[in-house]
Amino acid sequence: IQTLIDELGRLPGIGPKSAQRIAFHLLNSDRDEVERLATALREVVDKVKFCDICFNVSEETTCRVCRDPRRDQTTICVVEESKDVAAIERTREFRGLYHVPEDLHIAELLRRLSSPVITEVILATDPNLEGEATATYLTRLLASTGITISRLASGLPVGGDLEFADEITLGRAFSGRRAVTV
Ligand code: ZN
């Protein structure tokens, strides 16, 4: 049980006390419930990989969004993490494609943008210092491509993560996005 407590304690937002509480909760839970959790953990390790095109999490070589022919192929939204894709999908404001440059898959982004189909790139980085820096860097890098580069409208809670914005605020930030230049 100490191993379990130690492992739980490594998770973000879980301190030693919470880790202990969760461990003892599991110990006293239904065997079925614990089995389901164990299966989910095992499957995430075995099955989930990253999309070859946009680097979003995916159970197949390309993700659900990239495989969907009904998505608007002219617009790519750049986000920092896969959980931001989930947050934007919940708003239902965006029908285009994504790029999730964790570990800065910039070369792959540039390759995607070399397609004449792409007309707009939306930089939906987190509304904090790091996100701003990433967006500024990408704006400079992409300036010469001639593609419209836009940023989300203000109104998102500053300093936070995109995923923490509520759907309405994030949806408004999307529809109110504006083009930026260097
Ligand atoms: Zn994808």
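**Close-up views of a predicted model**

**View 1. The zinc site and its cysteines.** Both Cys 51 and Cys 63 are buried in this predicted model. They belong to a set of four protein donors of the zinc ion: Cys 51, Cys 54, Cys 63 and Cys 66, each through its SG atom, at 2.3 to 2.4 Å from the metal. Along the sequence, the spacing of these donor residues reads C-x2-C-x8-C-x2-C. Cys 51 and Cys 63 tie together distant parts of the chain, being 12 residues apart. Cys 51 comes from the loop between β1 (49-50) and β2 (57-58), while Cys 63 comes from the loop between β2 and α4.

**View 2. The geometry around the zinc ion.** Why is the arrangement of the four donor atoms tetrahedral? The angles they subtend around the zinc ion run from 103 to 117°, and therefore the arrangement counts as tetrahedral. If you like a reference value, the ideal angle for four tetrahedral donors is 109.5 degrees.

**View 3. Ser 29 between two helices.** Take a look at the loop between α2 (16-27) and α3 (31-46), where Ser 29 is found. Ser 29 counts as buried because its relative accessibility is 17%, and the cut-off for buried is under 20%. Its side chain reaches the backbone oxygen of His 25 at 2.6 Å.

**View 4. The largest nonpolar core.** This core has 37 residues, and those touching the most other members are Cys 77, Val 79, Ile 88, Leu 113, Leu 152, Leu 162 and Leu 170. Among the elements that each supply at least two residues of the core are the helices α4 (64-67), α5 (82-91), α6 (106-113), α7 (129-142) and α8 (167-175), along with the strands β3 (75-79), β4 (97-99) and β5 (120-124). In soluble globular proteins, nonpolar side chains tend to be buried together.

**View 5. Leu 113 and its contacts.** Which residues does Leu 113 touch, not counting those up to four places away in sequence? They are Ile 76, Ile 118, Val 121, Leu 142 and Ile 147.

**View 6. Strand β5 and its partners.** Five of the five residues of β5 are buried, and both faces of the strand are covered. Glu 120, Ile 122 and Ala 124 lie on one side, with Val 121 and Leu 123 on the other. β5 runs parallel to β3, joined by five bridges, and pairs with β6 (residues 148-151) in the parallel sense over four bridges. Val 121 is a handy landmark here: Ile 76 stands opposite Val 121, and Val 121 in turn stands opposite Ile 149 in β6.

Conventions:
Residues are numbered from 1 along each chain as its sequence is written. This is a predicted model: local features need pLDDT of at least 70, side-chain atom pairs count only at pLDDT 80 or more; totals for chains, interfaces and linings use all residues. Side-chain values use heavy atoms; hydrogens and water are left out. Buried means under 20% relative accessible area, exposed over 50%, partly exposed in between (1.4 Å probe, protein chains only). A polar contact is a pair of N or O atoms within 3.5 Å; within protein, one must be able to donate a hydrogen and the other to accept it, and residues adjacent in sequence count only if both atoms are side-chain atoms. A nonpolar core is a set of buried Ala, Val, Leu, Ile, Met, Phe, Trp, Tyr and Cys residues joined through side-chain atoms within 4.5 Å. Contact means heavy atoms within 4.5 Å. Donors are N, O and S atoms within 2.8 Å of the metal (3.2 Å for Na, K and Ca); water is not among the atoms, so sites may look incomplete. Four donors count as tetrahedral if all angles lie between 85 and 135 degrees; four count as square planar and six as octahedral if opposite donors are over 155 degrees apart and all others between 65 and 115; anything else is irregular. Two strands pair if DSSP finds at least two bridges between them.
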